[in-house]
Amino acid sequence: MAVNLVNVENVSKVYGTRALLDGVSLGVSEGDRIGVVGRNGDGKTTLIRMLAKLEEADTGRVTHSGGLRLGVLTQHDSLDPAATIRHEVIGDLADHEWAGSAKIRDVLTGLFGGLDLPGFPQGLDTVIGPLSGGERRRIALAKLLIVEQDLIVLDEPTNHLDVEGISWLAGHLRARRSALVCVTHDRWFLDQVCTRMWDVQRGTVYEYEGGYSDYVFARAERERIAATEEAKRKNLVRKELAWLRRGAPARTSKPRFRIEAANALIEDVPPPRDKSELMKFANARLGKTVFDLEDVTVTVGPQRAAQAPPRVLLQHVTWQLGPGDRVGLVGVNGAGKTSLLRALADAATSDGDVQPAAGRVVVGKTVRLAYLSQDVAELPPALRVLEAVQQVRDRVDLGKGREMTAGQLCEQFGFGKEKQWTPVGDLSGGERRRLQMLRLLMDEPNVLFLDEPTNDLDIETLTQLEDLLDGWPGSLVVISHDRFFVERTTDVTYALMGDGTLRMLPRGIDEYLERRQRMIDAAAATQAPAAAATASAQAAEAKSGPSAAEARAAKKELQKLERQMDRISDKEATLHKQIAENATDFTKVADLDAQLRALVTEREELEMRWLELADDA
């Protein structure tokens with residue numbers, strides 16, 4: 001019998017006047033793989049933080065089994081910015097020790113694309129401080145996964161991972177013996193990894209067996225039963241009122257209710273989209289031409305001759321986006337997905353005057369483009385949600401005679417009547433993302449470019465967005481690492497393979513992953529002889545070692561660097577003190593802050609040099 005690793009007993013948590021969790025009792029057993037879902041703000045993160053004892057409950061208790069080995073990935077890492085990736089992930093292990101570990105090799109290859117960490121300037125010796133949030137998150141995940149744990153708690157582990165990284169992580173977690181509790185909005189990932197689901201709703205946690213698909217069926221059945229009970233209650237009330245008015249009641253037969261199987265819930269439901277009807281409507285709105293690419297080359301980087309040449313992302317691409325086409329765009333990070341959309345958007349907004357580095361983009365005359373970028377457009381913080389939507393339009397035509405007001409569309413996007421009067425400045429990141437999408441749709445575009453639209457959105461909002469896009473007549477291009485969303489909203493998948501080409505994939509993302517794996521295997525087979533030669537040369541160099549004179553010079557420079565860093569630390573302490581003393585003098589604080597930044601930069605350069613010398617010593 002499985003032993004409970006964690007017990008949550010009658011736990012409650014209140015923030016302000018709102019009860020996030022109310023009398024919740026749960027357990028995590030050995031071998032459990034639990035997915036946690038629910039709307040943003042309903043308490044998913046709070047639940048797992050209390051589960052990991054990172055946050056105290058107001059009432060009730062959380063107990064861990066004795067000697068529990070617990071690993072936690074939170075949304076904010078605790079990595080040392082002055083440390084290197086090697087120090088944080090591998091620690092003190094010698095190269096031959098970690099390179100001989102299959103687990104460490106698997107994690108580094110799966111999360112970073114290779115043992116040499118090709119995306120980082122100095123590989124494992126890259127300093128963490130200057131890295132982006134996404135890069136730091138992958139480092140924190142790698143640090144967690146190379147250690148053996150009894151229970152792993154993950155908060156949004158798929159954020160900042162591409163399709164390949166998410167696929168690898170799903171397989172890795174399935175193969176581990178550790179129990180797992182995971183908060184994520186990635187429905188494909190939940191289906192691949194989880195065997196149980198926790199649905200956090202209005203202070204209560206509902207438990208379901210199976211992955212995401214099983215949860216959807218079971219929740220639909222639970223809600224159907226609840227609706228039936230409510231209808232029964234209302235019907236009894238009406239009969240009671242009728243009896244009071246008429247006198248003695250007539251004999252009535254007892255109503256029967258049948259518990260339907262999961263498949264019966266969807267047997268009469270039509271396909272999500274009427275493709276032929278939408279295509280007909282899209283042709284009427286767009287004509288024959290939307291975007292035609294003729295021998296296009298897309299580059300990124302400096303264009304002036306004095307600087308380094310621009311990097312070619314796509315080369316000699318000929319492609320057509322037609323009326324009503326719904327395209328999913330996938331590819332490795334940096335392959336040019338966003339750059340391709342920007343090139344098309346530039347051509348559309350400039351009436352064809354702005355063209356890519358080579359080739360030509362032809363834009364249809366009737367194209368009305370809406371482009372949801374990864375950057376959330378800033379709005380005046382004092383503006384109310386409904387006012388921000390009404391700024392664009394009061395009503396929107398969704399096609400086929402369907403029309404919605406700004407208020408109705410707000411409700412469909414999760415902004416209830418009270419929330420519609422919330423200032424934009426008080427919205428969360430996910431809510432601002434929803435508002436940005438809402439404003440785009442209110443402008444009645446006939447072409448939509450969506451670049452990572454699922455960022456910060458909870459599952460319920462994603463399903464509402466998918467339902468809305470099902471009936472939206474126009475051409476659609478989606479870039480997303482959320483496989484479920486891509487497969488749900490688009491009809492065909494194209495891939496940027498990282499080799500300058502754009503290819504259609506008849507079998508979708510599965511085919512993309514297979515092609516990428518073949519490319520990686522071929523590259524590894526080519527590089528193996530060269531890597532062996534390099535290793536031999538490095539071993540010979542290490543064996544010879546530095547001369548005595550070089551060692552003395554390095555030691556002398558190390559001592560000099562340490563004295564310089566000590567002086568800078570003293571200056572930094574003085575500046576911090578002066579900033580605190582002059583907190584109300586903004587001009588002086590700005591000047592002191594500039595001096596402090598310059599010192600920090602100088603210290604980081606000295607630290608980098610110190611690390612280089614220390615490695616050679």
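Two residues are in contact when heavy atoms of one lie within 4.5 Å of heavy atoms of the other. With that idea in hand, this predicted model can be explored from its interior outwards. A good place to start is W319, which touches F291, D292, L293, V327, L344, Y494 and L502, leaving aside residues up to four places away in sequence. W319 also belongs to the largest nonpolar core, a set of 71 residues. Together with F291, L293, L435 and Y512, W319 ranks among the residues with the most contacts inside that core. A second core, separate from this one, has 44 residues, including I90, W98, L117 and L145. Such groupings fit a general pattern: in soluble globular proteins, nonpolar side chains tend to be buried together.

The aromatic rings come next. A pair of aromatic rings is described by the distance of the centres and the angle of the planes. Seven aromatic pairs turn up in a search of the whole structure. In one of them, Y212 and F484 meet edge-to-face, with 5.7 Å from centre to centre and 85 degrees between the planes. This pair links distant parts of the chain, since Y212 belongs to helix α8 (residues 212-246) and F484 to helix α15 (residues 483-489), 272 residues apart. Y212 counts as buried because its relative accessibility is 6%, whereas F484, at 23%, counts as partly exposed. A further pair is formed by F291 and F449, with ring centres 5.6 Å apart and planes at 35 degrees, so this pair is tilted. It too links distant parts of the chain: F291 is in strand β10 (residues 291-300) and F449 in strand β17 (residues 447-451), 158 residues apart. Both F291 and F449 are buried. Ring pairs also join Y208, Y212, Y215 and F484 into a cluster. A ring can have a charged partner as well: the charged end of R434 sits over the ring of F415, 5.1 Å from its centre.

Strand β3 (residues 33-38) offers a clear view of a buried element. Six of its six residues are buried, so β3 is largely enclosed by the rest of the structure. Its two faces are both covered, with R33, G35 and V37 buried on one side and I34, V36 and G38 buried on the other. β3 pairs in the parallel sense with strand β7 (residues 179-183) over four bridges, and it runs parallel to strand β8 (residues 196-201), joined to it by five bridges. I34 can be followed into both partners, standing opposite V181 in β7 and opposite R196 in β8.

After β3, the chain enters a loop that leads to α1 (44-51), and D42 is found there. D42 counts as buried because its relative accessibility is 11%. Its C-alpha atom is 6.4 Å from that of V200, although the two residues are 158 apart along the chain. Beyond its neighbours within four places in sequence, D42 is in contact with R18, L20, V200, Q201 and R202. R202 itself lies in the loop between β8 and β9 (204-209) and, at 68% relative accessibility, counts as exposed. Its phi is near 50 degrees, a positive value in a residue other than glycine. Most residues other than glycine have a negative phi. E444 is a further case, with a positive phi of about 55 degrees although it is not a glycine. E444 lies in the loop between α13 (429-442) and β17, and its 22% relative accessibility makes it partly exposed.

Two helices complete the tour. Helix α6 (residues 163-175) has 13 residues and reaches 19 Å from its first C-alpha to its last, close to the 18 Å expected at 1.5 Å a residue. Its buried residues are V163, E164, G165, I166, W168, L169, A170, H172 and L173. In helix α4 (residues 102-112), the buried residues are I104, V107, L108, G110, L111 and F112. The cover over these buried residues of α4 includes α2 (85-90), α3 (95-99), α5 (133-145) and α6. Just after α4, G113 takes a positive phi of about 85 degrees.

One more loop deserves a look. T454 is found between β17 and α14 (459-470), and at 12% relative accessibility it counts as buried. Apart from residues up to four places away in sequence, T454 touches L462, S480, D482 and F485.

Technical notes: Residues numbered from 1 in each chain as written. Predicted model: local features only at pLDDT ≥ 70, side-chain atom pairs only at ≥ 80, totals over all residues. Heavy atoms only, no water. Phe/Tyr/Trp six-rings, centres within 6.5 Å; stacked < 30°, edge-to-face > 60°. Buried < 20%, exposed > 50% of the residue type's maximum accessible area, 1.4 Å probe, protein only. Lys NZ or Arg CZ within 6 Å of the ring centre and 35° of its normal. Core = buried A, V, L, I, M, F, W, Y, C linked by side-chain atoms within 4.5 Å. Pairing = 2+ DSSP bridges. Expected span 1.5 Å × (residues − 1).
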